[in-house]
Amino acid sequence: AVLRTMIESDNLTSFILWGPPGVGKTTLAKIIAGKLERPFYTLSAVSSGVKDVREVIERARSNRFFNAKSPILFIDEIHRFSKSQQDSLLAAVEDGTVTLIGATTENPYFEVNGALLSRSIIFELKPIPKEDIKELLKKAVYDSDRGMGAYDAVIDEDALDFLADISGGDARHALNAVELGVMTTERSEDGKIHLTLEVASECIQKKKVKYDKSGDNHYD
């Protein structure tokens, strides 16, 4: 509710999206940027360094018009930034040069330094519910504009249940399985691709469970 109010009032502050893979953290950041029609810069902490951060901040500063809302800087996997890399963001976040949206699968209270946390709000995203995963998979199979409707495939209800359950709330994991099924299954005599429970079980081998022996997931 707080995040929605921030977006609708166009009164965005820096925040960090914390949640498991495949729940839509990157997608949500892009939706926010599109809704607010602000410049949108993106970096991946896996491949970016302090130099990249400073270049983006300088570009945001030079391209910003007088009294315009601050551009959005989206950093994926922000927990992978070192302390010095995170520190390079502080001044720009503090003075409003950029509005930071960070995304992380790790507990930010452990992985993000305190100075950056104090300037940000933490929003925890939960795994996507089973019924929502099923709805997403139906759209992927039957929607001709944004899905694979052109392939003329059908998916059985028990296959939907199985994929929604075994994906563990990770939409990307479930969608990859459906795509693999559509692309590798031969057409039946009726000319359609049938995604049965058997096909689904071949395309997604194992329940997706995140585990790290020293972190939160061990206790979860």
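Q: What is the volume of the largest pocket?
A: In this predicted model, the largest pocket has a volume of about 750 Å³. It is lined by 25 residues, and Gly24, Thr27, Leu136, Ala171 and Leu175 are the ones nearest its centre.

Q: What makes this space a pocket, whereas another is called a cavity?
A: The difference lies in access: a pocket is an open set of points, whereas in a cavity a 1.4 Å probe fits but cannot get out. The space of about 750 Å³ is classed as a pocket, and the space of about 40 Å³ is classed as a cavity.

Q: Which helices each supply at least two residues of the lining of the largest pocket?
A: These are α2 (25–36), α7 and α9.

Q: How do the residues of the lining of the largest pocket divide into nonpolar, polar and charged?
A: There are 10 nonpolar, seven polar and eight charged residues. Among the residues nearest the centre, Gly24 counts as polar because the rule places Gly in that class, and Leu136 counts as nonpolar because Leu belongs to that class.

Q: How many cavities of 30 Å³ or more are there?
A: The count is one. The largest cavity, at about 40 Å³, satisfies the cut-off of 30 Å³ or more.

Q: What lines the largest cavity?
A: The lining consists of Ile155, Ala159, Leu163, Ala177, Val178, Gly181, Leu195, Thr196, Val199, Ala200 and Cys203. At least two of the lining residues come from each of α8 (157–166), α9 (171–184) and α10 (197–203). By class, nine are nonpolar, two are polar and none is charged. Gly181 and Thr196 belong to this lining, and both are classed as polar because neither Gly nor Thr is on the nonpolar or the charged list.

Q: Why is the contact between Lys51 and Glu55 called a salt bridge?
A: The N to O distance between the two side chains is 2.7 Å, and the rule asks for a Lys or Arg nitrogen within 4 Å of an Asp or Glu carboxyl oxygen, so the pair qualifies. Lys51 and Glu55 are four residues apart in helix α3 (residues 50–63), and therefore about one helical turn separates them.

Q: How do you know whether Lys51 and Glu55 are exposed or partly exposed?
A: Lys51 has a relative accessible area of 60%; exposed means over 50%, so Lys51 is exposed. Glu55 stands at 37%, which lies between the 20% and 50% limits, so Glu55 is partly exposed.

Q: What makes the pair of Glu131 and Lys134 a salt bridge?
A: The N to O distance is 3.9 Å, and the limit is within 4 Å, so this pair also qualifies. Both residues lie in helix α7 (residues 130–142), three residues apart, or about one turn of the helix. Glu131 is exposed at 52% relative accessibility, whereas Lys134 is buried at 8%, because buried means under 20%. Salt bridges with shared partners connect Glu131, Lys134, Glu157 and Asp161 in one network. In total, the structure holds 12 salt bridges.

Q: Which residue forms a salt bridge with Glu94?
A: The partner is Arg119, with the closest N and O atoms 2.6 Å apart. This pair links distant parts of the chain, 25 residues apart: Arg119 is in the loop between α6 (114–117) and β5 (121–124), and Glu94 is in helix α4 (residues 83–94). Arg119 is partly exposed at 29%, and Glu94 is exposed at 52%.

Q: Why are β2 and β5 said to stand at the edges?
A: The open sheet has five strands in the order β2-β3-β4-β1-β5, with parallel pairing. β2 (40–44) and β5 each have a single partner strand, so one side of each is left without a neighbour in the sheet. On average, neighbouring strands of this sheet are turned by 20 degrees against each other, direction ignored.

Q: How do you know that β1 pairs with β4 and with β5?
A: Pairing requires at least two bridges. β1 has four parallel bridges with strand β4 (residues 99–104) and four bridges with β5, also running parallel. In β4, Ile16 has Gly102 as its bridge partner and Leu17 has Ala103; in β5, Phe15 has Ile121.

Q: What makes both faces of strand β1 count as covered?
A: Side chains in a regular strand alternate between the two faces of the sheet. In β1 (residues 15–18), Phe15 and Leu17 lie on one side and Ile16 and Trp18 on the other, and all are buried.

How values were computed: Residues are numbered from 1 along each chain as its sequence is written. This is a predicted model: local features need pLDDT of at least 70, side-chain atom pairs count only at pLDDT 80 or more; totals for chains, interfaces and linings use all residues. Side-chain values use heavy atoms; hydrogens and water are left out. Buried means under 20% relative accessible area, exposed over 50%, partly exposed in between (1.4 Å probe, protein chains only). On a 1 Å grid over the protein atoms alone, a cavity is a set of points where a 1.4 Å probe fits but cannot get out, and a pocket is an open set with protein on both sides within 12 Å along at least five of seven lines; lining residues have an atom within 4 Å of a point. Grid points are joined across faces, edges and corners, and a volume is the space filled by probe spheres set on the points. Axes are lines fitted to C-alpha atoms, for helices over the stretch in contact, and angles run from 0 to 180 degrees between N-to-C directions.
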